[in-house]
Amino acid sequence: MDAPFTFDGAWLTLLQLLHAALHSDWATVAVKFFPFVLLCELPIQLLVMLGALRRYLEERSAARAPLTYCPKVTCIITCYSEGAEVQKTIRTLSEQLYDGQIEMLAVVDGAVRNRPTLAALQALVPYVNATRNRRLEIVAKLQRGGRVSSLNQGLALARGQIVLALDGDTSFDNDMVLHAVRHFANPDVVAVAGNLRVRNARSTLVTRLQAVEYMLSIHLSRAGLDAFNIVNNISGAFGIFRRDFLRRIGGWDSGTAEDLDLTLRIKKYFARHPRLRIRFEPRAMGHTDAPQGFKAFLKQRLRWDGDLSYLYLRKFRHALRPGLMGMRNFMAFVWTGLLFQLALPFLVVSYTGYVFLVYPPAVMLGVLAFVYLFYALLAYAMYVEYLLLYSERKLQDLKLAWLVLLIPGFAFITRCWNAIATLIELFTKAHLESGMAPTWVLRRTKF
(Lines give C-alpha, C1' and ligand atoms only; values in the text may rest on other atoms or scores of the structure.)
Protein backbone atom coordinates (compact mmCIF):
# COMPACT_ATOMS: atom_id res chain seq x y z
CA MET A 1 0.00 0.00 0.00
CA ASP A 2 1.37 3.47 -0.92
CA ALA A 3 2.25 5.85 1.88
CA PRO A 4 -0.27 8.68 2.31
CA PHE A 5 0.66 12.07 0.86
CA THR A 6 1.80 14.67 3.40
CA PHE A 7 2.96 18.23 2.92
CA ASP A 8 5.95 17.52 5.18
CA GLY A 9 6.97 14.69 2.88
CA ALA A 10 6.55 16.87 -0.20
CA TRP A 11 8.70 19.63 1.29
CA LEU A 12 11.34 17.07 2.29
CA THR A 13 11.41 15.69 -1.25
CA LEU A 14 11.72 19.20 -2.70
CA LEU A 15 14.57 20.05 -0.32
CA GLN A 16 16.33 16.85 -1.26
CA LEU A 17 16.00 17.70 -4.96
CA LEU A 18 17.30 21.22 -4.38
CA HIS A 19 20.21 19.87 -2.36
CA ALA A 20 21.06 17.41 -5.12
CA ALA A 21 20.73 20.21 -7.69
CA LEU A 22 23.22 22.36 -5.82
CA HIS A 23 25.70 19.51 -5.93
CA SER A 24 25.14 18.58 -9.58
CA ASP A 25 27.67 19.00 -12.36
CA TRP A 26 27.52 22.77 -12.89
CA ALA A 27 30.25 22.68 -15.50
CA THR A 28 28.01 20.57 -17.72
CA VAL A 29 25.08 22.90 -17.07
CA ALA A 30 27.15 25.98 -17.90
CA VAL A 31 28.48 24.46 -21.11
CA LYS A 32 24.97 23.59 -22.30
CA PHE A 33 23.64 27.01 -21.30
CA PHE A 34 26.59 28.90 -22.80
CA PRO A 35 25.99 28.84 -26.56
CA PHE A 36 22.58 30.44 -27.08
CA VAL A 37 22.96 32.96 -24.24
CA LEU A 38 26.47 34.20 -24.91
CA LEU A 39 26.19 34.04 -28.68
CA CYS A 40 22.58 35.22 -29.19
CA GLU A 41 21.34 37.27 -26.28
CA LEU A 42 24.10 38.56 -24.01
CA PRO A 43 25.87 40.61 -26.73
CA ILE A 44 22.67 42.53 -27.46
CA GLN A 45 21.90 43.21 -23.81
CA LEU A 46 25.47 44.37 -23.13
CA LEU A 47 25.35 46.57 -26.24
CA VAL A 48 22.10 48.09 -25.01
CA MET A 49 23.46 48.77 -21.53
CA LEU A 50 26.72 50.26 -22.81
CA GLY A 51 24.85 52.33 -25.38
CA ALA A 52 22.40 53.62 -22.78
CA LEU A 53 25.31 54.74 -20.59
CA ARG A 54 27.06 56.32 -23.56
CA ARG A 55 23.95 58.23 -24.62
CA TYR A 56 23.37 59.47 -21.07
CA LEU A 57 26.96 60.73 -20.74
CA GLU A 58 26.85 62.37 -24.17
CA GLU A 59 23.60 64.16 -23.32
CA ARG A 60 25.06 65.41 -20.04
CA SER A 61 28.35 66.58 -21.51
CA ALA A 62 26.86 68.25 -24.59
CA ALA A 63 26.08 71.93 -24.32
CA ARG A 64 22.31 71.87 -24.61
CA ALA A 65 21.07 74.48 -27.05
CA PRO A 66 17.90 76.39 -26.14
CA LEU A 67 14.78 74.66 -27.45
CA THR A 68 13.98 77.49 -29.86
CA TYR A 69 13.38 75.33 -32.92
CA CYS A 70 9.60 75.44 -33.20
CA PRO A 71 8.36 74.40 -36.66
CA LYS A 72 4.70 73.78 -37.32
CA VAL A 73 3.78 70.20 -36.45
CA THR A 74 0.87 68.05 -37.55
CA CYS A 75 -0.48 65.36 -35.25
CA ILE A 76 -2.25 62.61 -37.22
CA ILE A 77 -4.51 60.93 -34.66
CA THR A 78 -5.91 57.61 -35.87
CA CYS A 79 -9.32 57.08 -34.29
CA TYR A 80 -11.41 53.94 -34.26
CA SER A 81 -13.97 53.15 -31.53
CA GLU A 82 -12.21 55.09 -28.73
CA GLY A 83 -15.39 56.93 -27.77
CA ALA A 84 -14.93 59.61 -25.10
CA GLU A 85 -11.39 58.34 -24.37
CA VAL A 86 -10.14 60.17 -27.46
CA GLN A 87 -10.67 63.46 -25.62
CA LYS A 88 -7.71 62.66 -23.33
CA THR A 89 -5.47 62.53 -26.38
CA ILE A 90 -6.74 65.80 -27.83
CA ARG A 91 -6.54 67.66 -24.51
CA THR A 92 -2.96 66.57 -23.82
CA LEU A 93 -1.95 67.74 -27.30
CA SER A 94 -3.76 71.05 -26.87
CA GLU A 95 -1.97 71.70 -23.57
CA GLN A 96 1.56 71.17 -24.90
CA LEU A 97 4.26 73.57 -23.68
CA TYR A 98 5.26 74.35 -27.25
CA ASP A 99 5.35 77.81 -28.79
CA GLY A 100 4.93 76.62 -32.37
CA GLN A 101 1.71 75.70 -34.15
CA ILE A 102 0.16 72.30 -33.53
CA GLU A 103 -2.32 71.08 -36.10
CA MET A 104 -4.39 68.07 -35.02
CA LEU A 105 -5.93 65.91 -37.73
CA ALA A 106 -8.27 63.42 -36.05
CA VAL A 107 -8.92 60.79 -38.73
CA VAL A 108 -12.03 58.80 -37.79
CA ASP A 109 -11.98 55.47 -39.59
CA GLY A 110 -15.45 54.16 -40.40
CA ALA A 111 -17.15 57.28 -39.08
CA VAL A 112 -20.63 55.95 -39.86
CA ARG A 113 -20.22 53.25 -37.22
CA ASN A 114 -18.06 55.26 -34.85
CA ARG A 115 -20.50 58.03 -34.01
CA PRO A 116 -19.52 58.18 -30.29
CA THR A 117 -15.88 58.87 -31.24
CA LEU A 118 -16.94 61.42 -33.84
CA ALA A 119 -19.25 63.18 -31.34
CA ALA A 120 -16.51 63.28 -28.68
CA LEU A 121 -14.15 64.97 -31.14
CA GLN A 122 -16.74 67.44 -32.35
CA ALA A 123 -17.40 68.51 -28.77
CA LEU A 124 -13.73 69.55 -28.39
CA VAL A 125 -13.38 71.61 -31.58
CA PRO A 126 -14.40 74.96 -29.99
CA TYR A 127 -12.08 74.35 -27.00
CA VAL A 128 -9.03 73.51 -29.12
CA ASN A 129 -9.52 76.17 -31.77
CA ALA A 130 -9.88 78.84 -29.09
CA THR A 131 -6.37 78.01 -27.88
CA ARG A 132 -3.51 79.98 -29.37
CA ASN A 133 -1.54 78.10 -32.07
CA ARG A 134 -3.77 75.05 -31.78
CA ARG A 135 -6.17 73.72 -34.39
CA LEU A 136 -8.32 70.59 -34.50
CA GLU A 137 -9.70 69.28 -37.77
CA ILE A 138 -11.84 66.15 -37.95
CA VAL A 139 -11.37 63.94 -41.01
CA ALA A 140 -14.35 61.60 -41.15
CA LYS A 141 -13.74 58.55 -43.35
CA LEU A 142 -17.16 57.04 -43.96
CA GLN A 143 -15.85 53.61 -44.98
CA ARG A 144 -13.37 51.78 -42.79
CA GLY A 145 -10.04 51.33 -44.56
CA GLY A 146 -7.76 50.52 -41.65
CA ARG A 147 -5.01 52.32 -39.81
CA VAL A 148 -2.65 52.68 -42.80
CA SER A 149 -5.30 54.42 -44.89
CA SER A 150 -5.99 56.82 -42.00
CA LEU A 151 -2.29 57.68 -41.65
CA ASN A 152 -1.86 58.28 -45.38
CA GLN A 153 -4.99 60.42 -45.46
CA GLY A 154 -3.57 62.53 -42.66
CA LEU A 155 -0.17 62.74 -44.37
CA ALA A 156 -1.80 64.04 -47.55
CA LEU A 157 -3.51 66.81 -45.58
CA ALA A 158 -0.62 67.64 -43.20
CA ARG A 159 0.63 71.23 -43.30
CA GLY A 160 3.30 70.88 -40.62
CA GLN A 161 6.97 70.24 -41.38
CA ILE A 162 6.99 67.54 -38.69
CA VAL A 163 4.35 64.81 -38.57
CA LEU A 164 3.42 62.87 -35.45
CA ALA A 165 1.59 59.57 -35.99
CA LEU A 166 -0.44 58.94 -32.83
CA ASP A 167 -3.07 56.51 -31.59
CA GLY A 168 -6.40 57.94 -30.49
CA ASP A 169 -6.16 56.20 -27.11
CA THR A 170 -2.69 57.51 -26.16
CA SER A 171 -2.13 60.57 -23.94
CA PHE A 172 1.09 62.58 -23.60
CA ASP A 173 3.19 64.58 -21.16
CA ASN A 174 2.86 68.30 -21.82
CA ASP A 175 6.51 68.70 -22.91
CA MET A 176 6.35 65.83 -25.40
CA VAL A 177 6.30 67.90 -28.60
CA LEU A 178 9.08 70.16 -27.29
CA HIS A 179 11.48 67.26 -26.79
CA ALA A 180 10.41 65.25 -29.85
CA VAL A 181 10.79 68.10 -32.34
CA ARG A 182 14.19 69.39 -31.20
CA HIS A 183 16.02 66.57 -32.99
CA PHE A 184 14.77 67.76 -36.39
CA ALA A 185 16.92 70.88 -36.11
CA ASN A 186 19.52 68.44 -37.44
CA PRO A 187 18.64 68.00 -41.15
CA ASP A 188 19.95 64.42 -41.13
CA VAL A 189 17.27 63.26 -38.67
CA VAL A 190 14.31 61.83 -40.57
CA ALA A 191 12.39 60.16 -37.74
CA VAL A 192 12.19 60.02 -33.95
CA ALA A 193 10.80 57.16 -31.90
CA GLY A 194 8.73 58.39 -28.99
CA ASN A 195 8.75 56.79 -25.55
CA LEU A 196 5.83 54.90 -24.00
CA ARG A 197 4.59 54.09 -20.51
CA VAL A 198 1.75 51.80 -19.44
CA ARG A 199 -1.01 54.14 -18.30
CA ASN A 200 -3.02 51.47 -16.44
CA ALA A 201 0.00 49.87 -14.77
CA ARG A 202 -1.72 49.64 -11.39
CA SER A 203 -4.74 47.72 -12.68
CA THR A 204 -3.54 44.08 -12.60
CA LEU A 205 -0.42 41.99 -12.24
CA VAL A 206 -0.34 41.61 -16.03
CA THR A 207 -0.30 45.39 -16.60
CA ARG A 208 2.39 45.82 -13.94
CA LEU A 209 4.60 43.28 -15.67
CA GLN A 210 4.07 45.02 -19.00
CA ALA A 211 4.99 48.33 -17.36
CA VAL A 212 8.36 46.87 -16.30
CA GLU A 213 8.77 45.29 -19.74
CA TYR A 214 8.22 48.71 -21.38
CA MET A 215 10.87 50.25 -19.11
CA LEU A 216 13.47 47.71 -20.19
CA SER A 217 12.51 46.94 -23.80
CA ILE A 218 11.48 50.43 -24.93
CA HIS A 219 12.85 53.06 -22.56
CA LEU A 220 16.29 51.61 -21.83
CA SER A 221 16.80 49.42 -24.91
CA ARG A 222 16.00 52.06 -27.51
CA ALA A 223 18.11 54.60 -25.66
CA GLY A 224 20.99 52.14 -25.92
CA LEU A 225 20.40 51.42 -29.60
CA ASP A 226 20.07 55.15 -30.31
CA ALA A 227 23.69 55.66 -29.25
CA PHE A 228 24.78 53.62 -32.29
CA ASN A 229 22.05 54.82 -34.72
CA ILE A 230 20.44 51.37 -34.84
CA VAL A 231 17.01 52.09 -33.31
CA ASN A 232 15.08 48.95 -34.24
CA ASN A 233 11.49 50.21 -34.34
CA ILE A 234 9.40 53.39 -34.31
CA SER A 235 6.27 52.64 -32.32
CA GLY A 236 3.03 52.80 -34.27
CA ALA A 237 1.33 54.45 -31.33
CA PHE A 238 3.91 57.23 -31.20
CA GLY A 239 6.20 58.04 -34.11
CA ILE A 240 7.56 61.41 -35.28
CA PHE A 241 8.67 62.01 -38.87
CA ARG A 242 9.96 64.67 -41.24
CA ARG A 243 6.95 65.18 -43.50
CA ASP A 244 8.74 65.69 -46.82
CA PHE A 245 10.92 62.61 -46.39
CA LEU A 246 7.89 60.53 -45.46
CA ARG A 247 6.05 61.69 -48.57
CA ARG A 248 9.05 60.93 -50.80
CA ILE A 249 9.15 57.29 -49.69
CA GLY A 250 5.41 56.90 -50.23
CA GLY A 251 4.03 57.16 -46.71
CA TRP A 252 2.79 54.04 -44.96
CA ASP A 253 2.42 50.78 -46.84
CA SER A 254 -0.66 48.57 -46.84
CA GLY A 255 -0.53 45.30 -44.96
CA THR A 256 0.09 45.10 -41.26
CA ALA A 257 2.68 45.91 -38.59
CA GLU A 258 2.95 49.36 -40.13
CA ASP A 259 5.39 50.60 -37.47
CA LEU A 260 8.16 48.07 -38.14
CA ASP A 261 7.31 48.11 -41.86
CA LEU A 262 7.97 51.85 -42.08
CA THR A 263 11.09 51.62 -39.91
CA LEU A 264 12.63 48.99 -42.21
CA ARG A 265 11.69 50.95 -45.32
CA ILE A 266 13.40 54.06 -43.94
CA LYS A 267 16.52 52.04 -43.16
CA LYS A 268 16.72 50.88 -46.77
CA TYR A 269 18.06 54.38 -47.53
CA PHE A 270 20.83 54.32 -44.92
CA ALA A 271 23.55 52.82 -47.17
CA ARG A 272 23.02 55.43 -49.90
CA HIS A 273 22.67 58.26 -47.36
CA PRO A 274 24.87 57.25 -44.40
CA ARG A 275 24.27 60.48 -42.49
CA LEU A 276 20.54 59.75 -42.05
CA ARG A 277 19.42 59.12 -38.49
CA ILE A 278 16.48 57.67 -36.59
CA ARG A 279 16.57 58.98 -33.03
CA PHE A 280 14.88 57.90 -29.81
CA GLU A 281 13.74 60.56 -27.35
CA PRO A 282 13.17 59.28 -23.79
CA ARG A 283 11.58 62.56 -22.66
CA ALA A 284 8.93 62.52 -25.39
CA MET A 285 6.56 60.48 -23.26
CA GLY A 286 3.26 58.90 -24.23
CA HIS A 287 0.92 56.85 -22.05
CA THR A 288 -1.06 53.91 -23.40
CA ASP A 289 -3.33 51.27 -21.89
CA ALA A 290 -2.00 47.70 -21.90
CA PRO A 291 -4.16 44.54 -21.91
CA GLN A 292 -5.37 43.87 -18.37
CA GLY A 293 -5.97 40.13 -18.61
CA PHE A 294 -3.52 37.40 -19.56
CA LYS A 295 -5.74 36.15 -22.38
CA ALA A 296 -5.98 39.64 -23.92
CA PHE A 297 -2.22 40.04 -23.53
CA LEU A 298 -1.53 36.78 -25.40
CA LYS A 299 -3.96 37.78 -28.15
CA GLN A 300 -2.15 41.09 -28.63
CA ARG A 301 1.28 39.44 -28.72
CA LEU A 302 0.03 36.81 -31.16
CA ARG A 303 -0.72 39.61 -33.60
CA TRP A 304 2.47 41.57 -32.86
CA ASP A 305 4.81 38.59 -33.16
CA GLY A 306 2.97 37.14 -36.16
CA ASP A 307 3.23 40.48 -37.97
CA LEU A 308 6.93 40.65 -37.15
CA SER A 309 7.47 37.20 -38.66
CA TYR A 310 5.50 38.23 -41.75
CA LEU A 311 7.74 41.23 -42.33
CA TYR A 312 11.04 39.46 -41.69
CA LEU A 313 10.29 36.19 -43.47
CA ARG A 314 7.95 37.27 -46.27
CA LYS A 315 7.79 40.93 -47.18
CA PHE A 316 11.42 41.94 -46.62
CA ARG A 317 13.19 38.61 -47.02
CA HIS A 318 15.08 39.77 -50.13
CA ALA A 319 15.21 43.51 -49.46
CA LEU A 320 17.19 43.75 -46.22
CA ARG A 321 20.89 43.59 -47.03
CA PRO A 322 24.04 45.64 -46.34
CA GLY A 323 23.87 47.32 -49.74
CA LEU A 324 20.63 49.01 -48.69
CA MET A 325 20.76 49.28 -44.90
CA GLY A 326 24.49 49.77 -44.40
CA MET A 327 26.60 47.21 -42.57
CA ARG A 328 25.88 48.53 -39.07
CA ASN A 329 22.10 48.45 -39.38
CA PHE A 330 22.20 45.17 -41.29
CA MET A 331 24.16 43.50 -38.47
CA ALA A 332 21.76 45.00 -35.93
CA PHE A 333 18.83 43.67 -37.96
CA VAL A 334 20.34 40.17 -38.07
CA TRP A 335 21.08 40.20 -34.35
CA THR A 336 18.02 41.95 -32.90
CA GLY A 337 15.57 40.72 -35.53
CA LEU A 338 16.47 37.35 -36.99
CA LEU A 339 18.42 35.94 -34.04
CA PHE A 340 16.89 37.64 -31.00
CA GLN A 341 13.24 37.84 -32.06
CA LEU A 342 12.87 34.89 -34.43
CA ALA A 343 15.51 32.25 -33.68
CA LEU A 344 15.89 32.69 -29.91
CA PRO A 345 12.28 31.75 -29.03
CA PHE A 346 12.73 28.40 -30.80
CA LEU A 347 16.07 27.89 -29.08
CA VAL A 348 14.46 28.59 -25.70
CA VAL A 349 11.65 26.11 -26.35
CA SER A 350 14.07 23.46 -27.66
CA TYR A 351 16.51 23.90 -24.78
CA THR A 352 13.73 23.69 -22.17
CA GLY A 353 12.28 20.57 -23.77
CA TYR A 354 15.73 19.03 -23.93
CA VAL A 355 16.34 19.67 -20.21
CA PHE A 356 13.00 18.14 -19.21
CA LEU A 357 13.46 15.06 -21.38
CA VAL A 358 17.14 14.29 -20.83
CA TYR A 359 18.08 15.32 -17.31
CA PRO A 360 16.92 13.75 -14.03
CA PRO A 361 14.78 15.99 -11.76
CA ALA A 362 17.71 17.15 -9.61
CA VAL A 363 19.79 18.33 -12.55
CA MET A 364 16.70 19.79 -14.23
CA LEU A 365 16.02 21.94 -11.18
CA GLY A 366 19.65 22.98 -11.12
CA VAL A 367 19.52 24.03 -14.76
CA LEU A 368 16.28 25.99 -14.31
CA ALA A 369 17.59 27.67 -11.15
CA PHE A 370 20.80 28.63 -12.94
CA VAL A 371 18.91 30.02 -15.95
CA TYR A 372 16.48 31.94 -13.73
CA LEU A 373 19.31 33.42 -11.65
CA PHE A 374 21.14 34.57 -14.76
CA TYR A 375 18.10 36.30 -16.24
CA ALA A 376 17.04 37.78 -12.89
CA LEU A 377 20.48 39.33 -12.38
CA LEU A 378 20.50 40.63 -15.96
CA ALA A 379 17.00 42.10 -15.59
CA TYR A 380 17.93 43.81 -12.31
CA ALA A 381 21.13 45.21 -13.81
CA MET A 382 19.10 46.73 -16.65
CA TYR A 383 16.41 47.96 -14.27
CA VAL A 384 18.94 49.69 -11.98
CA GLU A 385 20.58 51.38 -14.97
CA TYR A 386 17.19 52.51 -16.22
CA LEU A 387 16.17 53.81 -12.80
CA LEU A 388 19.39 55.75 -12.24
CA LEU A 389 19.88 57.18 -15.72
CA TYR A 390 16.52 57.50 -17.47
CA SER A 391 13.51 57.23 -15.19
CA GLU A 392 11.70 60.55 -14.89
CA ARG A 393 9.29 59.07 -12.33
CA LYS A 394 11.71 57.32 -10.00
CA LEU A 395 9.39 56.88 -7.02
CA GLN A 396 6.64 55.45 -9.22
CA ASP A 397 9.06 53.06 -10.92
CA LEU A 398 10.70 52.04 -7.64
CA LYS A 399 7.37 50.64 -6.44
CA LEU A 400 7.58 48.08 -9.27
CA ALA A 401 11.11 46.92 -8.39
CA TRP A 402 9.93 43.64 -6.83
CA LEU A 403 8.27 42.66 -10.11
CA VAL A 404 11.66 42.38 -11.80
CA LEU A 405 11.88 39.01 -10.01
CA LEU A 406 9.00 37.83 -12.20
CA ILE A 407 10.41 39.18 -15.48
CA PRO A 408 12.44 36.01 -16.34
CA GLY A 409 9.27 33.89 -16.14
CA PHE A 410 7.26 36.52 -18.00
CA ALA A 411 9.91 36.70 -20.74
CA PHE A 412 9.97 32.90 -20.98
CA ILE A 413 6.21 32.79 -21.59
CA THR A 414 6.34 35.57 -24.19
CA ARG A 415 9.19 33.86 -26.04
CA CYS A 416 7.40 30.53 -26.18
CA TRP A 417 4.32 32.38 -27.42
CA ASN A 418 6.49 34.16 -29.99
CA ALA A 419 7.53 30.78 -31.41
CA ILE A 420 3.88 29.74 -31.66
CA ALA A 421 2.97 33.02 -33.38
CA THR A 422 5.75 32.52 -35.91
CA LEU A 423 4.57 29.01 -36.75
CA ILE A 424 0.96 30.18 -37.10
CA GLU A 425 2.06 32.95 -39.46
CA LEU A 426 4.20 30.61 -41.55
CA PHE A 427 1.43 28.06 -42.03
CA THR A 428 -1.71 30.22 -42.13
CA LYS A 429 -0.65 33.81 -43.11
CA ALA A 430 -2.45 35.06 -40.01
CA HIS A 431 -1.49 38.67 -40.77
CA LEU A 432 -4.25 38.69 -43.41
CA GLU A 433 -6.83 38.40 -40.63
CA SER A 434 -5.53 41.26 -38.47
CA GLY A 435 -8.07 43.49 -36.74
CA MET A 436 -6.01 46.55 -37.70
CA ALA A 437 -7.72 46.74 -41.10
CA PRO A 438 -10.54 45.09 -43.06
CA THR A 439 -9.65 41.78 -44.67
CA TRP A 440 -10.22 43.17 -48.18
CA VAL A 441 -7.48 45.76 -47.54
CA LEU A 442 -4.97 43.29 -46.09
CA ARG A 443 -5.47 40.80 -48.92
CA ARG A 444 -4.34 43.38 -51.43
CA THR A 445 -0.78 42.93 -50.20
CA LYS A 446 1.55 40.84 -52.35
CA PHE A 447 3.02 38.61 -49.67
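**View 1. Pairing of strands E2 and E3 in the predicted model.** Strand E3 covers residues 134–141 and runs parallel to E2, with eight bridges between the two strands. Within this pair, Ile-102 stands opposite Arg-134 of E3. The connection from E2 to E3 passes through helix H4, residues 115–129, and forms a right-handed β-α-β crossover.

**View 2. Pairing of strands E1 and E2.** Strand E1, residues 73–79, is joined to E2 by seven bridges, and the two strands are parallel. Thr-78 has Val-107 of E2 as its bridge partner. Between E1 and E2 the chain travels through helix H3, residues 86–94, and this β-α-β crossover is also right-handed.

**View 3. The two faces of strand E2.** Strand E2 spans residues 102–109, and eight of its eight residues are buried. In a regular strand, side chains alternate between the two faces of the sheet. One side of E2 carries Ile-102, Met-104, Ala-106 and Val-108, all of them buried. The other side carries Glu-103, Leu-105, Val-107 and Asp-109, and these are buried as well. Both faces of E2 are therefore covered, with buried meaning under 20% relative accessible area.

**View 4. The chain around these strands.** The secondary structure comprises 16 helices and eight strands. The chain has 447 residues, of which 53% count as buried. Among contacts with a separation of 6 or more, 83% are between residues 24 or more positions apart. The accessible surface of the chain is about 20,800 Å², and carbon and sulfur atoms account for 63% of this surface.

Notes: Residues are numbered from 1 along each chain as its sequence is written. This is a predicted model: local features need pLDDT of at least 70, side-chain atom pairs count only at pLDDT 80 or more; totals for chains, interfaces and linings use all residues. Side-chain values use heavy atoms; hydrogens and water are left out. Buried means under 20% relative accessible area, exposed over 50%, partly exposed in between (1.4 Å probe, protein chains only). Helices (H or I, at least four residues) and strands (E, at least two) are DSSP runs, numbered from the N terminus. Two strands pair if DSSP finds at least two bridges between them. A crossover is right-handed if, with the strands pointing away from the viewer, the path from the first strand over the helix to the second runs clockwise. Contact means heavy atoms within 4.5 Å. Accessible areas come from the Shrake-Rupley method with a 1.4 Å probe; for residues, only the protein chains shown count as cover.
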